[in-house]
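Me: Hey, I'm new to this one. Can you walk me through it?

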Amino acid sequence: MAQKKFTLQEKDMPRQWYNIQADLPEPLPPYLHPATKQPLGPADLAPLFPMELIKQEVSQERYIDIPEEVQEVYYLWRPTTLYRAYALEKALDTPAKIFYKYEGSSPPGSHKPNTAVAQAYYNKKEGVKRIATETGAGQWGSSLAFACKLFDIECKVYMVRVSYNQKPYRRIMMETWGAKCVPSPSPDTKAGRDMLAKDPDCPGSLGLAISEAVEDAFGREDTKYSLGSVLNHVLMHQTIIGQEAMKQMEMAGYYPDIIVGCVGGGSNFAGMFLPFVKDKIKGKKKDLRIVCVEPESCPTLTKGLYAYDYGDVAGMAPIAKMFTLGHTFMPPPVHAGGLRYHGMAPIVCHLHKLGFVEARAVPQVATFEAGVTFARTEGIISAPETNHAIRATIDEALKCKQEGKSRVILLAHSGHGHFDMAAYESYLSGKLQDYAYPEALVKEALKSLPQIPA
Ligand SMILES: *Cc1c(COP(=O)(O)O)cnc(C)c1O
C-alpha cells in the first residue's frame with residue numbers, strides 16, 4: 001500500500017528557526033516611526049515588545065535556537081503530519097501529486113501557537129506579567145490565551161464586538177484557558193471610551209481593537225503587546241513548518257514544483273515557503289513556483305500598491321513598506337476573517353516585489369466549494385482561510401490534468417474550521433455570496449497613505 005502519512009519523531013523536530021534576512025538578495029526596507037516618519041529604533045519598540053523579540057525582528061543571523069522550554073510545548077502537537085492527498089487526487093482524476101502539511105492539530109487548531117508560545121516564553125523570561133492583544137474572529141486570541149496560561153502570564157484580549165457577539169465559542173475557549181476577553185470598543189481604554197461615546201452600538205474593527213491593546217500595553221508597566229502575524233519575528237517562528245515539511249518531502253522522495261498557501265498577514269504561508277525560497281534564491285531550484293492566495297475582496301498582493309503605510313487603522317502602529325490597500329480600508333465581511341487585512345508581511349511583499357513569489361485572488365464561494373471537496377475526500381473540515389489555498393491547489397491540479405503533467409504540489413494547510421460551521425451552513429444552503437473587488441473603497445483608502453519625506 002502507498003504511504004499516506006509522513007511523520008517525524010520528536011527527536012527529528014528542528015531545533016532552530018530559519019531567518020530569511022540572512023539570505024535576502026536585497027535587505028528589507030526599514031520600519032518608520034508613525035509620528036516622526038524616521039527609521040524606527042529598538043527604543044521605540046521597547047514599551048511594546050520584550051527585547052529578545054525586538055532583536056529577532058532585525059537579526060541577520062541565519063538560524064536562531066528554539067529555547068528548550070518552547071520545544072517542550074511544541075511537543076504537544078509537533079512535529080505535525082505531512083499527508084499525501086490520494087483521495088483528492090483520485091476525485092480530481094489528476095496526474096499531480098498533492099501533499100499537505102496540516103497545522104490544525106495544535107490545541108487551538110491552527111499554526112498560530114507556533115509563535116504565540118515563543119512570544120509568551122520571551123515575555124515571561126523578561127519578567128512581563130501581563131500581555132494585551134486584539135483578535136478578530138478569535139483564532140489569534142485563543143492561541144495567545146493558550147500560550148500565556150502555559151507560562152503563567154495574564155492575558156487580556158480585545159475582541160472585535162461583532163465577532164464577540166456572533167462567535168461566542170472562540171471567546172469561551174480563551175476563557176477556558178484563563179484569559180480575559182472583552183468586546184472592543186470597550187470602556188477599559190480611552191480609544192474604546194471615545195468610540196462608545198460617539199456610537200454606543202459600534203460593531204468594532206480590528207484596527208480599533210489594535211489601538212485598544214496598544215494603549216493598554218503603553219499604559220501599564222507590567223504589560224506588553226503581542227502580534228500574531230506580519231512581523232519578521234512572527235514569520236521566523238513559523239519556519240518550523242517549512243523545515244519539517246522539507247524533511248518530510250525528502251522522506252516521500254519528492255521536491256515540490258509548486259507550493260500553495262493562503263495569506264492574510266502572511267505568517268503561516270511564509271513559515272512554509274521561506275526554507276524553500278532559499279533554494280530558489282540560491283539558484284538550486286530556480287523554477288519552483290510559490291503561490292500566495294488571497295480573497296478577491298481583499299486583494300492586497302494582486303491589486304495593492306507597494307508603498308509605506310501604517311500597520312493599523314488608527315495610524316498608531318509602525319509604518320512598513322508593503323503592498324497595501326490603504327490602512328483605512330474596511331474589507332467586506334468574508335468568512336475568512338484572518339485574511340481581512342489591508343497590508344501584508346514586509347518579507348512576503350519584498351519577495352513578491354523581487355519576483356520570487358506569485359499571487360492570485362479567489363472569490364469566496366469557490367473557496368467553500370473547494371473546502372467541501374477536500375472534506376469529502378481527505379476528511380478534514382478546513383478553516384475558511386485555508387479553503388483559499390485548497391481552491392488554488394485544486395486549480396493547479398486540474399491544470400496538470402489538462403496539460404498531462406505530473407507536478408508535485410505542496411499545500412500549506414493552516415487550520416481546521418470546526419468553529420466555522422455557520423459559514424459552511426451558509427454555503428451548503430446556497431446562501432453564501434461573493435463580494436466583488438471594492439475598487440472605489442480601495443481608491444479612497446489609498447489617499448490615506450502617509451507622506452514620507454524623501
Ligand atoms: C490567522 C489565520 C490565517 C491568516 O494569517 P496568516 O498570518 O496569513 O497566516 C490563515 N489561516 C488560519 C487557519 C488562521 O487562523
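Reply: Here is a short tour of some cysteines, a helix and a couple of single residues. It's a predicted model, where local features need pLDDT of at least 70, side-chain atom pairs count only at pLDDT 80 or more, and totals for chains, interfaces and linings use all residues. Residues are numbered from 1 along each chain as its sequence is written, and side-chain values use heavy atoms, with hydrogens and water left out.

Me: Cool. How many disulfides are there?

Reply: Zero, by the rule that a disulfide is a pair of cysteine sulfur atoms within 2.5 Å. For cysteine 155, the nearest cysteine sulfur belongs to cysteine 148 and is 4.2 Å away.

Me: And why is cysteine 262 without a bond?

Reply: Because its closest cysteine sulfur, in cysteine 292, is 9.9 Å away, which is too far.

Me: Is cysteine 262 buried or exposed?

Reply: Buried, with 1% relative accessibility. Buried means under 20% relative accessible area, exposed means over 50%, and partly exposed is in between (1.4 Å probe, protein chains only). Cysteine 155 counts as buried too, at 6%.

Me: Switching to helices. Which residues of H17 are buried?

Reply: Ala423, Tyr424, Ser426 and Tyr427, in a helix that covers residues 421–428. Looking down the axis, these buried residues fall within an arc of 155°, so they line one face of H17. The arc is taken from the directions from the helix axis to the C-beta atoms. Helices (H or I, at least four residues) and strands (E, at least two) are DSSP runs, numbered from the N terminus.

Me: What do the buried residues of H17 pack against?

Reply: Helix H15 (364–377) and helix H16 (384–403); contact means heavy atoms within 4.5 Å. On the other side of H17, Ala422, Glu425 and Leu428 are exposed.

Me: What follows H17?

Reply: Glycine 430, with a positive phi near 75°.

Me: Okay, where is threonine 94?

Reply: In the loop between helix H4 (86–92) and strand E5 (97–102). Threonine 94 is buried, at 10% relative accessibility. A polar atom of its side chain lies 2.8 Å from the backbone oxygen of alanine 397. Not counting residues up to four places away in sequence, threonine 94 touches Glu89, Ala397, Cys400 and Lys401.

Me: Last one: where is valine 70 found?

Reply: In helix H3 (residues 68–74), and valine 70 is buried at 0% relative accessibility. Leaving aside neighbours within four places in sequence, valine 70 is in contact with Trp17, Val117, Ala118 and Tyr121.

Methods: Polar contact = N/O pair within 3.5 Å; in protein donor to acceptor, adjacent residues only side chain to side chain.
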